[in-house]
Amino acid sequence: MIYTVTMNPSLDYMMVFKEARLGELNRSSREWHIPGGKGINVSVVLENLGVENTCLGFIAGYVGEEIERVIREKGCRTEFIHLQEGCTRINVKVREISGRESELNGSGPVIREQHVNQLRTFVGKMQEGDLLVLSGNVPGGVPADIYGQLAVAARGRGAQVVVDAERRYLFPALSYHPLLIKPNLYELREMIGREIHSRDELRAGVRILQEQGARNVLVSLGKDGAYFLGERGEEFFSEAPKGTVISSVGSGDSMVAGFLSRYVQAKDLEDCVRWSVAAGSAGAFSEALPERPQIERVAGQIKVEGYDAVRPE
């Protein structure tokens, strides 16, 4: 089973305007709402690709109940920890016809030590063969090294860990050898403290993270596709397919889901990279998280360039 963790979920209220003007009355031309949060996004795309999974995290109040209802309707299982105080946040996403986007994000409920202990206990019951996906930022009240704590609990039971988070949340988990990490190029630069201008510099930067504990590293390069370096030296580049970008929200999460959807089936790393780029691109070409038919169409356009670069023992 794949388990995804979303520490601070949200109900994202999406609004489209011809033009939004601060300090004036604005009326939207269209609006809708969807559950938000990186782990939840991974779960939804996995379910769209036919991979069973379970959402973990913290929810509270009527907003939390709505998030859980919608996720279950989409086919995902849930094992959220229900907080008795506060309310899960509502984030307002304002999109203009011109393409400009603005966000108004809430803070969310207070998460106390006993709630974190509940999550740690649940993860400590995972089994060998399970996968734990740790995505996104950590809200106030949660220790900054929580991903390291959860990685310890999962690895102690033989489960594998995937981390997609910024430096301060990722680094505590690196020493526990996550199966996969997925920084984007900006995050990679920030993690290694140096600029990257060439393929050789990209490779060298990824190897720094591997030396610190990451087994496999997938770097999203935006319009330039993706780069992957495996624990045995397997190396792949993929160009991004052509298409009109509508929204990049959730694109990175879709990449993680695309990769894992193939990994749990055959562990063919080249195919994993192809489907990760396909899922991320299909999501960028759509207003919503991508469905399987969209991802399959895009996957047929993607060329993955590989090397026989197995690292010597």
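Which helix holds both D200 and R203, and how many residues apart are they? Both residues lie in helix 7 (residues 199-211), three residues apart, which is about one turn of the helix.

## Basis of the model

This is a predicted model, in which local features need pLDDT of at least 70 and side-chain atom pairs count only at pLDDT 80 or more, whereas totals for chains, interfaces and linings use all residues. Residues are numbered from 1 along each chain as its sequence is written, and side-chain values use heavy atoms, with hydrogens and water left out.

## Overall architecture

The protein contains ten helices and 15 strands. Helices (H or I, at least four residues) and strands (E, at least two) are DSSP runs, numbered from the N terminus. The C-alpha trace spans about 60 × 45 × 35 Å along its principal axes. The radius of gyration is 19 Å, which agrees with the value near 20 Å for a compact globule of 313 residues; the radius is taken over C-alpha atoms, and the globule rule is 2.2 Å times the number of residues to the power 0.38.

Of the 313 residues, 53% are buried. Here buried means under 20% relative accessible area, exposed over 50%, and partly exposed in between (1.4 Å probe, protein chains only). Contacts (heavy atoms within 4.5 Å) reach across the sequence: among those between residues at least 6 apart, 66% join residues at least 24 apart.

## Surface and charge

The protein exposes about 14900 Å², and carbon and sulfur atoms supply 47% of this area. Accessible areas come from the Shrake-Rupley method with a 1.4 Å probe; for residues, only the protein chains shown count as cover.

There are 37 positive and 42 negative charges, and their mean positions are 1 Å apart. Lys and Arg count as positive and Asp and Glu as negative, while His and the chain ends are not counted. The place of a charge is taken as NZ of Lys, CZ of Arg, CG of Asp or CD of Glu.

## Salt bridges

The count comes to 24 salt bridges, each defined as a side-chain nitrogen of Lys or Arg within 4 Å of a carboxyl oxygen of Asp or Glu. In helix 7, D200 pairs with R203, the closest N and O atoms being 2.7 Å apart. D200 is exposed, with a relative accessible area of 54%, whereas R203 is buried at 16%. R203 also forms a salt bridge with E235, again with closest N and O atoms 2.7 Å apart. This second pair links distant parts of the chain, joining R203 in helix 7 to E235 in strand 14 (residues 235-238), 32 residues apart. E235 is buried, with a relative accessible area of 4%.

E68 and R72 form a further salt bridge, their closest N and O atoms being 3.2 Å apart. Both lie in helix 2 (residues 61-73), four residues apart, about one turn of the helix, and E68 is buried at 8% relative accessible area. Elsewhere, R30, R95, E101 and E287 are linked in a network of salt bridges.

## Surroundings of I111

I111 lies in the loop between strand 8 (101-104) and helix 3 (113-123). I111 nevertheless counts as buried, because its relative accessibility is 4%. Leaving aside neighbours within four places in sequence, I111 is in contact with M7, F58, L83, V116, P139, G140, G141 and V142. The C-alpha atoms of I111 and E187, 76 residues apart along the chain, are separated by 27 Å.
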